[in-house]
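Dear colleague,

I am handing over the structure we spoke about, and below it you will find an account of what turned up when I went through it. Please read the notes with the model open beside them.

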Amino acid sequence: MQRKRNIGKRRRHISSILFILLFAFAGCGSKMPPPGKPDIDPPSIKITYPVPFDTIKGIVNVKYLCTDKSPVMWVKLYVDGRIFYTDSAVSFSIPFKSDTLYDGKHNLMLEAKDKWDNAAKSPIVTIITNNGKKKEDKNEGVDRIHNTIR
């Protein structure tokens, strides 16, 4: 009878140790990717040119740094929150026609997505355009909703 109690105590003791070890390894803080998805980290992306509050005119190349463990599938340039250009070649430079915007402050941001659908956005860079194009009066020009000329 005494022998059976000792075996039962050993089993509980071993089970407790295994549980503690399993819990310790599971909570180490390292992220394990799900099966079939070896990369769970988003790309790192940053606009390097133009710098904040640069005054630009005409066509300018927006330059950026983008790094990731996996191949980056595309980079999108957003101007004032709207998609302006998609670069699927990830060339680290995107042509930006600043003369399509009215003069004044505008926000540029990039978004990158890698092969495993991890996405990241760059910090916003505010620029100033100076192409001699004033903001349209709401009562003049093209009616954007109906595509008619007033």
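**Strands around β7**

β4 and strand β7, the latter spanning residues 104–114, run antiparallel and are joined by seven bridges. Please keep in mind throughout that this is a predicted model. Within the pairing of these strands, Val72 stands opposite Asp114 in β7. β7 is also joined to strand β9 (residues 125–129), again in antiparallel fashion, by five bridges, and here Asn107 has Thr126 of β9 opposite it. Three further bridges connect β7 with strand β8 (residues 119–121), and these two strands run antiparallel as well; one of the pairs to look for is Glu111 with its bridge partner Lys121 in β8. β7 and β8 form a hairpin with four residues between them, and in the turn Asp117 has a positive phi of about 65°.

**The chain as a whole**

To place these strands in context, the secondary structure of the chain comes to one helix and eleven strands, and the order from the N terminus on is α-β-β-β-β-β-β-β-β-β-β-β, with the helix at the start. The chain has 150 residues, of which 27% count as buried. If one takes the contacts between residues at least 6 apart in sequence, 60% of them join residues at least 24 apart. The exposed surface of the chain is about 11000 Å², and carbon and sulfur atoms supply 58% of it.

**The loop between β3 and β4**

Two residues of this loop deserve a look together. Lys69 is placed in the loop between β3 and β4, and with a relative accessible area of 66% it is exposed, because that value is over 50%. Ser70 is found in the loop between β3 and β4 too, yet Ser70 counts as buried, because its relative accessibility of 11% is under 20%.

Which residues does each of them touch, once residues up to four places away in sequence are set aside? Lys69 touches Asp39 and Asp41, and the side chains of Lys69 and Asp41 are joined by a polar contact of 2.7 Å. Ser70 touches Asp39, Asp114, Lys115 and Trp116, and its side chain makes a polar contact of 2.7 Å with the side chain of Asp39. Asp39 is thus touched by Lys69 and by Ser70, while Asp114, which Ser70 touches, is the residue in β7 that stands opposite Val72. Lys69 and Pro43 are 26 residues apart along the chain, and their C-alpha atoms are separated by 7.7 Å.

**Aromatic pairs**

A search of the whole structure finds two aromatic pairs. Tyr64 and Phe92 form a tilted pair, with 5.7 Å centre to centre and 40° between the planes. This pair links distant parts of the chain, since Tyr64 belongs to strand β3 (residues 59–67) and Phe92 to the loop between β5 and β6 (93–97), 28 residues apart. Tyr64 counts as buried at 2% relative accessibility, whereas Phe92, at 38%, counts as partly exposed.

The other pair, Phe84 with Phe96, is edge-to-face, at 5.1 Å centre to centre and with 70° between the planes. Here too distant parts of the chain are linked, with Phe84 in strand β5 and Phe96 in strand β6, twelve residues apart. Phe84 is partly exposed, with a relative accessible area of 31%, and Phe96 counts as buried at 0%.

**Lysines over rings**

Charged side chains over aromatic rings are worth inspecting as well. The charged end of Lys76 sits over the ring of Trp74, 4.4 Å from its centre, and Lys135 lies over the face of Tyr102, at 5.1 Å from the ring centre.

**Gly81**

One last position is Gly81, in the loop between β4 (72–79) and β5 (82–87). Is Gly81 buried or exposed? Gly81 counts as exposed, because its relative accessibility of 64% is over 50%. Gly81 and Asn107 are 26 residues apart in sequence and 7.5 Å apart in space, C-alpha to C-alpha; Asn107 is the residue that stands opposite Thr126 in β9.

With best regards

Key:
Residues numbered from 1 in each chain as written. Predicted model: local features only at pLDDT ≥ 70, side-chain atom pairs only at ≥ 80, totals over all residues. Heavy atoms only, no water. Buried < 20%, exposed > 50% of the residue type's maximum accessible area, 1.4 Å probe, protein only. Phe/Tyr/Trp six-rings, centres within 6.5 Å; stacked < 30°, edge-to-face > 60°. Lys NZ or Arg CZ within 6 Å of the ring centre and 35° of its normal. Pairing = 2+ DSSP bridges. Contact = heavy atoms within 4.5 Å. Polar contact = N/O pair within 3.5 Å; in protein donor to acceptor, adjacent residues only side chain to side chain. Areas by Shrake-Rupley, 256 points an atom, 1.4 Å probe, with all protein chains shown as cover.
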